[in-house]
Amino acid sequence: MELLEAIKSRMSIRGFKPDPVPREILSELLSVATRSPSGVNCQPWEIYVVVGEALKELGQVYVERFSQGIKPQPVIYIGQETKGMSPSLKGVYRERQVELAKQMFQLIGIEKGDEKKLREYYEKMYRFYDAPAVIIIAADESLLLTSVSLDIGLLTQTIALAAQEYGLGTCVMRAIVDYPAQARDIVKIPHSKQPIIGLAIGYPDWDDPINKLKTERESLDKILTVVEEA
Ligand SMILES: Cc1cc2nc3c(=O)[nH]c(=O)nc-3n(C[C@H](O)[C@H](O)[C@H](O)COP(=O)(O)O)c2cc1C
């Protein structure tokens with residue numbers, strides 16, 4: 001697949017076929033993706049692939065916690081002041097978040113106020129959309145005040161782009177690291193490593209209406225400033 005085509009066609013996949021992803025394909029994909037750049041080439045990533053019974057257990061435990069109303073505790077935002085849950089969005093950022101939810105819920109037939117269907121949707125999200133594999137990217141605790149989240153972001157996007165070459169779809173998911181203590185326990189991530197982000201990965205089920213979602217982007221003129229004169 002051509003690079004520009006891969007960038008344009010990548011989208012979050014939230015409906016997967018049950019077919020497992022062969023181990024060799026995952027290894028090849030992850031090996032290629034680690035060509036991603038990182039500050040001073042420190043390669044601050046540790047990659048965990050979760051499949052089979054471990055993945056089933058992770059999903060069960062996450063759904064249980066979600067159902068009990070336990071607040072997510074992801075650590076995407078790194079740094080002493082910002083460590084912890086992401087802040088609520090405001091202004092245009094909130095508008096875009098609401099638009100995404102509207103589009104998605106319309107596609108999968110969840111009407112405003114339908115708490116039952118909404119809960120079912122979130123439960124499915126906490127089963128990582130029933131993907132046959134989940135990738136967790138973690139970083140050493142000693143690196144958390146560096147550019148680690150930027151480096152891991154680059155790796156994450158590279159995995160998502162390269163996955164398409166193998167016919168695979170991905171969804172980058174904060175939800176996968178929403179309960180880091182449980183992730184650590186089940187995936188056997190040592191305490192010295194902090195789960196940063198996850199991806200659900202598998203073969204897309206194109207018949208699933210949720211995969212019809214095409215998200216919008218702001219036009220370039222609204223976000224671009226070109227400075228020419230000194
Ligand atoms: C850091 C990050 C966290 C995300 N977490 C979730 C998540 O927990 N659940 C989910 O369904 N999608 C998640 N997404 C996917 C975004 O909703 C998606 O990328 C965005 O709506 C743009 O759509 P697209 O990926 O189809 O282009 C996440 C994406 C990023 C980059």
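Colleague: What radius of gyration does the protein have, and what would a compact globule of 230 residues have?
Modeller: The protein has 18 Å, which agrees with the value near 17 Å for a compact globule with 230 residues. The radius is taken over C-alpha atoms, and the globule rule is 2.2 Å times the number of residues to the power 0.38. This is a predicted model: local features need pLDDT of at least 70, side-chain atom pairs count only at pLDDT 80 or more, and totals for chains, interfaces and linings use all residues. Residues are numbered from 1 along each chain as its sequence is written.

Colleague: How many helices and strands are there?
Modeller: Eight helices and four strands. These are DSSP runs numbered from the N terminus: helices are H or I, at least four residues, and strands are E, at least two.

Colleague: Is α4 in the open or buried?
Modeller: The number of buried residues among its 17 is zero, so α4 lies largely in the open. A residue is buried if 20 or more other C-beta atoms, placed from the backbone, lie within 10 Å of its own, exposed if 12 or fewer, and partly exposed in between.

Colleague: And what is its span?
Modeller: Helix α4 covers residues 91–107, and its end C-alpha atoms are 25 Å apart, which agrees with the expected 24 Å. That expectation is 1.5 Å times one less than the number of residues.

Colleague: What comes just after α4?
Modeller: G109, with a positive phi of about 70°.

Colleague: Other topic: how much of the protein counts as buried?
Modeller: 27% of the 230 residues.
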